[in-house]
Amino acid sequence: MSYRFSPESESRLNKLLEMFPDKRSVILPGLYLLQRELGYVDREGMEALAEKIGSPISLAQVYGVATFYTLYNKKPVGKFHIQICGTSSCYMRGNDKIEKHLCSKLGIELGETTPDKKFTLEEVECLGACGYAPMVQINDAYYENLTFEKMDQILKDLN
Amino acid sequence: MAEMKILTKYIDDPRSNELEFYESVHGYDGMKKALQMAPEEIVDVVKKSGLRGRGGAGFPTGLKWSFIPKDIPKPKYLICNADEGEPGTFKDRKLIENLPHQIIEGMVIGAKAIGANKGFFYIRGEFNKGIDSMQKAIDEAYAKGYLGKNILGSGFDFDLVLYAGAGAYICGEETALINSLEGRRGHPRLKPPFPAVSGLYRCPTVVNNVETFSTVPHIIDKGADWYSKIGTEKSPGTRLFSVSGHVKRPGVYEIPLGTPLMDLINDLCGGMLDDMPLKAVIPGGSSVPILTAEECKTANMDFESMAAHKTMLGSGAVIVIGEGTDLVETTYRFARFYAHESCGQCTPCREGTHWVRDLLHKIREGEGTSADLELILSLSRNMEGGTTICPLSDACVGAVRPTILKFKHEFEARLKDKAAQPAATGV
């Protein structure tokens, strides 16, 4: 059974299709809408998006775009997707220590999801918050200038 | 020393992102003035001001605008590059979140100058707060008649669309950004043709950075002479520097170009974290050659002084490194970043960045040999100077080779000896 966008996403997609001189430009915002609905992008959703945009856009083109960009999750993630910045500015302010702390608190390794599907922990490249390091992005929000205590409190609040 | 706040004068006000507040502090005055000017006049003022692009390459803004062909029937496009992602760089995010109207104002002026009726604000997808702030500002500007048809009765139309990227550093490169906006993979394009002739949807296009657009209203409002007197002769104006690493007060600071690097570190950033000795500074984002503590003493924050020190001002990201920092580890992490972000189009970059990363990983683990170090240096010569479509490969070399050459003893100490790792620093 093919994927159906929600009415809100459907109307947003219709608006997007009018906004650009070339409807191909809707692939990125379309994938974003799909991820907002599902938490990740899957084959059926991408097929539905390609169909919505219409010829000459095919599933292959949507898939090719989705796999290029790291923002789109190609597999399901936990309810809280914790992305810790591992680039050098963050490393210099102790991101490795926060990372170890998170792994031991959640009982998982980097790239894994907790068995209750609540948390996914990943190390990512620069998130553009170098002056406020160490930092994590959890779903849409940035949490900066982290200490062990602050990180514990954030996890507690999410729970 | 103190900051010289022109673009960031009101950035810390809790209402700085609101239209009403922005108007109360002479916001949109520059745009109103520009709407009454001829396009050539606007380009001339920006040219005379000496403003150089604030995204990294430092190309003169007025000159870039003047490259747009005037008598082509195709539409022209204006793009704001808000895909900030160079490690060390976090200045644009502050402008986007706190002063979105200043950017919109700069874009309307730029659009009038090049004759564009449609523009795009390409923002990195992770900046959710910035996306909300900018979309709200765009909606407010439309409601007030600062965007859309016949802006303030001037007869000039300009539509602005926000477009969120999806986590690819390469999309900060203007032709990759254009590809991404067209719904493609962020693969840089061969130049020529340059975007000014054939850019977005194969039409004439100008791409400028957030900070560049934020500067333009002030230049139009107060004049080219006023602006060109600030800073140095070849690097006029102020610039935002994002300082990270081992300083007491990391953050974004606006200072006149030409300010000594050590004044920025000691006065504005409060000196070194825990009073540790300075080891090195990367003065313009991860891709530019590192400066030793000794070189930092004579370096000024302007294009000329940086060139004299064989490095660059880049994106204005100052990464301060304290004594005790493991440079093998930081260099490995930079190489890992470039390997991850290589788009894969060109062999020297696709293979080179990954190879350099793997060799540094080997050295970091104490399993390297002197041949590995030599191989990195030899490889890097094939990764730079025009062997690839865009400069990402060169950027990887800039992040790795100068550090190996200037701190060779540190890398050599790690060969076959993992225990030679310096004490870790940080929180």
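In this predicted model, chain A and chain B bury about 4,200 Å² between them. Carbon and sulfur atoms give 55% of that area. The contact involves 43 residues of chain A and 59 residues of chain B. Four salt bridges are counted between the two chains. In one of them, B:Arg336 pairs with A:Glu125. The closest N and O atoms of this pair are 3.3 Å apart. Polar contacts also cross the interface, with 25 residue pairs found. On the side of chain A that touches chain B, four helices each give two or more residues: α2 (27-38), α4 (59-68), α5 (88-92) and α6 (95-106). By class, this side of chain A has 21 nonpolar, 13 polar and nine charged residues.

Chain A also contains an open sheet of four strands. Their order is β2-β1-β3-β4, and the pairing is mixed. Strands β2 (119-124) and β4 (141-143) of chain A stand at the edges. Each has a single partner strand, so one side of each is left without a neighbour in the sheet. On average, neighbouring strands are turned by 25 degrees against each other, direction ignored.

Strands β3 (residues 136-138) and β4 of chain A run antiparallel and are joined by three bridges. Within this pair, A:Val136 of β3 stands opposite A:Tyr143 of β4. Helix α7 (residues 148-158) of chain A packs on the sheet. The helix touches β1 (80-85), β2, β3 and β4 of chain A. The direction of α7 makes about 5 degrees with that of β3 in chain A.

Note on methods: Residues numbered from 1 in each chain as written. Chains lettered and ligands numbered in written order. Predicted model: local features only at pLDDT ≥ 70, side-chain atom pairs only at ≥ 80, totals over all residues. Heavy atoms only, no water. Pairing = 2+ DSSP bridges. Axes fitted to C-alpha atoms, helices over the stretch in contact; angles between N-to-C directions. Contact = heavy atoms within 4.5 Å. Buried area = accessible area lost by both parts, 1.4 Å probe. Salt bridge = Lys/Arg side-chain N within 4 Å of Asp/Glu carboxyl O. Polar contact = N/O pair within 3.5 Å; in protein donor to acceptor, adjacent residues only side chain to side chain. Nonpolar A, V, L, I, M, F, W, Y, C, P; charged D, E, K, R; others polar.
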